[in-house]
Protein chains: 4
Amino acid sequence: MSKEKNSKIHENKIIKRNKLFDAAYDLFITKGFTSTAIDDIVKKAGVAKGTFYLYFKDKYDIMDHLILSKSSSVIKEALQKIKDENYDNYIDRVISFTDYIVEYFKNNKMLLKIIHKNLSFGLFRKALQKPEEYKEMKEAADLLLSSLKKEGFSNDRIEKVLFMVIELTGSVIYSSIILEEPDTIENMKPVLFMMIKKMLTI
Amino acid sequence: MSKEKNSKIHENKIIKRNKLFDAAYDLFITKGFTSTAIDDIVKKAGVAKGTFYLYFKDKYDIMDHLILSKSSSVIKEALQKIKDENYDNYIDRVISFTDYIVEYFKNNKMLLKIIHKNLSFGLFRKALQKPEEYKEMKEAADLLLSSLKKEGFSNDRIEKVLFMVIELTGSVIYSSIILEEPDTIENMKPVLFMMIKKMLTI
Amino acid sequence: MSKEKNSKIHENKIIKRNKLFDAAYDLFITKGFTSTAIDDIVKKAGVAKGTFYLYFKDKYDIMDHLILSKSSSVIKEALQKIKDENYDNYIDRVISFTDYIVEYFKNNKMLLKIIHKNLSFGLFRKALQKPEEYKEMKEAADLLLSSLKKEGFSNDRIEKVLFMVIELTGSVIYSSIILEEPDTIENMKPVLFMMIKKMLTI
Amino acid sequence: MSKEKNSKIHENKIIKRNKLFDAAYDLFITKGFTSTAIDDIVKKAGVAKGTFYLYFKDKYDIMDHLILSKSSSVIKEALQKIKDENYDNYIDRVISFTDYIVEYFKNNKMLLKIIHKNLSFGLFRKALQKPEEYKEMKEAADLLLSSLKKEGFSNDRIEKVLFMVIELTGSVIYSSIILEEPDTIENMKPVLFMMIKKMLTI
DNA sequence: GATGAATGAGTCTTCATTCAT
DNA sequence: GATGAATGAAGACTCATTCAT
């Protein structure tokens with residue numbers, strides 16, 4: 001009975017945390033991070049102000065969790081896709097993976113805006129150090145890494161090249177989707193994929 | 001006499017504007033953008049608060065001008081360097097250009113921090129539309145473009161590829177210099193240059 | 001004209017500062033220090049919140065100034081009284097001085113409450129170091145000191161004894177007026193004066 | 001059996017109360033009264049927040065009990081000392097008593113700080129009205145009172161003089177130990193004792 | 001053109017207290 | 001009796017911007 005009680009309380013806590021999470025997400029992508037006040041978040045979540053501080057340290061804390069959570073879920077989906085498709089060429093796999101992410105952000109411009117301005121690799125590093133919580137990321141990273149290793153990439157280079165592919169992709173996505181600079185994402189995609197292929201060819 | 005007086009007044013205005021500019025620059029790279037208040041800027045510049053709004057729309061406005069001005073001067077220097085060196089290989093030219101910029105930001109970490117967080121290509125676009133004011137940028141762009149054109153790059157692709165090279169370089173510089181992620185800039189450089197070469201090879 | 005203008009502005013500033021001062025005083029003695037919010041003060045003074053911070057660092061700052069200002073004015077009055085009376089006995093002078101202060105606080109219980117809880121000798125020390133601003137205090141201190149010196153008190157002891165007389169007086173005043181402990185001020189007075197006489201007798 | 005159970009429960013309650021008491025004491029003298037939150041106290045005591053309110057009305061309540069308890073125990077020790085020493089001069093007895101308290105607070109500066117800011121004679125009055133709980137205080141008071149009575153002090157005056165001696169001692173201790181104003185406690189002691197002697201001499 | 005006093009909305013954060021479990 | 005999640009009022013302080021002089 002005590003267990004049941006605790007589980008109910010625990011459940012409530014998760015629900016409340018999620019309410020805050022969702023409210024913050026909605027507001028951040030609608031009004032932007034800076035223009036969103038804690039007050040807005042709690043009002044939308046239907047909880048008291050103090051409750052916010054029970055679950056998050058401050059506005060930056062909830063933002064970090066948000067970025068990680070959203071990124072993680074995109075990556076998870078992209079990962080599932082390439083698993084299902086079963087390419088035997090590793091470059092095709094990377095391209096397909098990338099394509100999924102491009103398409104995702106085409107439909108989530110505001111999220112892209114938010115994420116981009118607040119993204120830091122420190123965040124991802126932390127995430128990869130908690131494999132239980134962000135196992136999709138870990139899995140995605142490992143899959144790509146092992147693919148490249150098989151192709152004869154030196155250990156030393158793999159990480160750096162992958163990092164650059166990711167950074168380039170991120171930049172192009174942001175710039176072309178949000179600013180249409182230097183061109184629309186549709187026109188950038190073929191060039192981007194070509195570049196990725198070149199970068200990944202030994 | 002009226003002319004003389006006017007020119008003196010005009011000169012005074014430029015001096016005042018520059019004072020604000022320099023003060024803002026010093027403060028931004030010391031304390032960061034967010035932590036710098038208009039109040040700090042005007043105090044350091046030795047002018048009244050209202051005067052700030054006579055010369056700049058707001059804090060973002062002065063920041064944009066700052067980024068443009070500083071970027072422009074780095075590019076100018078890099079440009080001068082590759083002109084002096086006289087490579088006949090266009091890829092070497094790009095690498096040398098890039099190298100100059102990397103080295104510059106290694107010695108100006110704070111500026112790099114500021115610029116990165118506030119960079120937008122809209123800014124550069126505007127700059128390129130005022131060739132008289134930012135002629136170094138225009139020149140640099142034209143030089144690289146014509147080099148690639150000679151090599152047989154299709155007009156359509158040149159701009160996009162160049163854009164990607166710049167974005168990749170920017171990302172790597174920021175990440176490796178500021179965060180040492182995924183490695184130090186020294187260790188990233190050879191890989192970065194290799195990637196650039198691949199990207200620029202037909 | 002410029003002078004006139006400046007003096008008008010300067011005058012306005014003093015008026016505004018005084019408004020805040022008076023509002024704070026009224027509220028502190030009515031509601032107490034802790035229960036008075038900056039908001040209350042500015043509303044009562046009829047100025048904006050930010051204006052408060054133009055004149056005072058925080059609530060403690062205005063309180064310190066208040067204590068000093070009020071103490072200073074009581075002391076000034078007490079000083080004037082003993083000057084007018086022209087006692088030739090130094091003990092009578094001290095007693096008369098003390099009596100004035102006792103009577104003053106009998107009629108200003110709330111001020112006594114506030115002052116007592118926030119009094120610190122550091123404050124007075126600072127005040128005595130600005131003789132131009134708090135010259136009454138300086139004068140009072142010097143007068144008493146020189147009286148005792150003439151009577152043969154060793155320099156070493158004068159300050160300590162005077163300190164104790166002041167502390168004792170303060171304690172008795174506070175306790176008897178505010179708490180009527182251990183008796184009313186009327187009944188404490190003769191004993192207090194007797195004790196002071198004993199303390200000041202060589 | 002019911003009795004046994006009840007006594008065990010009762011014991012548990014006392015233990016819990018003491019835990020809160022000790023935790024509060026430690027925190028108050030470490031961080032100060034205002035900076036200590038109920039939350040800190042219950043965490044340190046290892047109980048839930050609500051439990052605090054089962055034993056104490058609020059933060060002021062636990063503070064009052066703390067002051068009384070600590071004061072009572074110092075006084076008890078001081079009392080024991082003068083009993084052991086067996087002076088036949090009543091003034092020496094008071095001086096010795098005082099000296100013990102001075103020495104005690106020299107080694108417990110933080111406690112002194114806390115007590116001073118929150119001391120009120122109302123507290124002691126209450127204590128003296130519960131002789132069973134604070135019998136040391138009652139005893140000390142009676143001992144000193146009867147000493148003075150024997151010397152011919154009028155009943156009326158005894159209480160007041162004693163009150164003043166206590167107040168003076170308290171003020172000097174606080175000021176000299178905490179602020180070293182107007183001098184260190186070592187240098188104040190001889191003057192303080194001399195004053196006490198004068199005050200107690202008929 | 002220049003000034004700088006004044007504004008007041010906006011923001012985060014703390015914490016004593018309650019009450020359903 | 002005990003718990004601790006939830007509350008939400010209360011509070012201090014900041015700062016970009018305006019405008020009368």
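Trainee: Why is the approach of K13(B) to DNA strand E called a polar contact?

Mentor: A polar contact is a pair of N or O atoms within 3.5 Å; within protein, one must be able to donate a hydrogen and the other to accept it, and residues adjacent in sequence count only if both atoms are side-chain atoms. A polar side-chain atom of K13(B) is 2.6 Å from a phosphate oxygen of DNA strand E, so the pair falls within 3.5 Å and qualifies. This is a predicted model, in which local features need pLDDT of at least 70 and side-chain atom pairs count only at pLDDT 80 or more, while totals for chains, interfaces and linings use all residues. Side-chain values use heavy atoms, without hydrogens and water.

Trainee: What makes K59(A) and A48(C) qualify?

Mentor: For K59(A), a polar side-chain atom lies 3.4 Å from a phosphate oxygen of DNA strand E. For A48(C), a backbone N or O atom lies 3.1 Å from a phosphate oxygen of that strand. Both values are within 3.5 Å, so both are polar contacts.

Trainee: What makes a residue count as near DNA strand E, and how many residues surround the strand?

Mentor: One of the residue's heavy atoms must lie within 4 Å of the strand. DNA strand E is surrounded by 32 residues, and the closest are K13(B), T51(B), G50(C), T51(C) and Y55(C). Of the strand's atoms within 4 Å of the protein, 55% belong to sugar or phosphate and the rest to bases.

Trainee: Which helices supply that surface, and what makes a stretch a helix?

Mentor: Helices are DSSP runs (H or I, at least four residues), numbered from the N terminus. At least two residues each come from α3 (49-55) of chains A, B, C and D, and from α1 (2-31) of chains B and C.

Trainee: How is the surface near DNA strand E divided by class?

Mentor: There are 14 nonpolar, five polar and 13 charged residues. Asp, Glu, Lys and Arg count as charged; Ala, Val, Leu, Ile, Met, Phe, Trp, Tyr, Cys and Pro count as nonpolar; the others, Gly among them, are polar.

Trainee: Why is K160(D) with D183(C) called a salt bridge?

Mentor: The term needs a side-chain nitrogen of Lys or Arg within 4 Å of a carboxyl oxygen of Asp or Glu. In K160(D) and D183(C) the closest N and O atoms are 3.0 Å apart, so the pair passes. Chain C and chain D have two salt bridges between them. On the side of chain C that touches chain D, α7 (121-129), α9 (155-179) and α10 (185-200) each supply at least two residues. The largest share there, twelve residues, is from α9(C).

Trainee: Which salt bridge joins chain A and chain B?

Mentor: K160(A) and D183(B) meet in one, at 3.0 Å from N to O. The count between these chains is two salt bridges.

Trainee: How much area do chain A and chain B bury?

Mentor: About 2800 Å², with 68% on carbon and sulfur atoms. Buried area is the accessible area (1.4 Å probe) that two parts lose on being put together, summed over both. For chain C and chain D the value is about 2700 Å², again 68% on carbon and sulfur atoms.

Trainee: How many residues make the contact of chain A with chain B?

Mentor: Contact means heavy atoms within 4.5 Å. Chain A gives 27 residues and chain B gives 27 residues. Chain A and chain C do not touch, their nearest C-alpha atoms being 20 Å apart.

Conventions. Residues are numbered from 1 along each chain as its sequence is written. Chains are lettered from A and ligands numbered from 1 in the order in which they are written.
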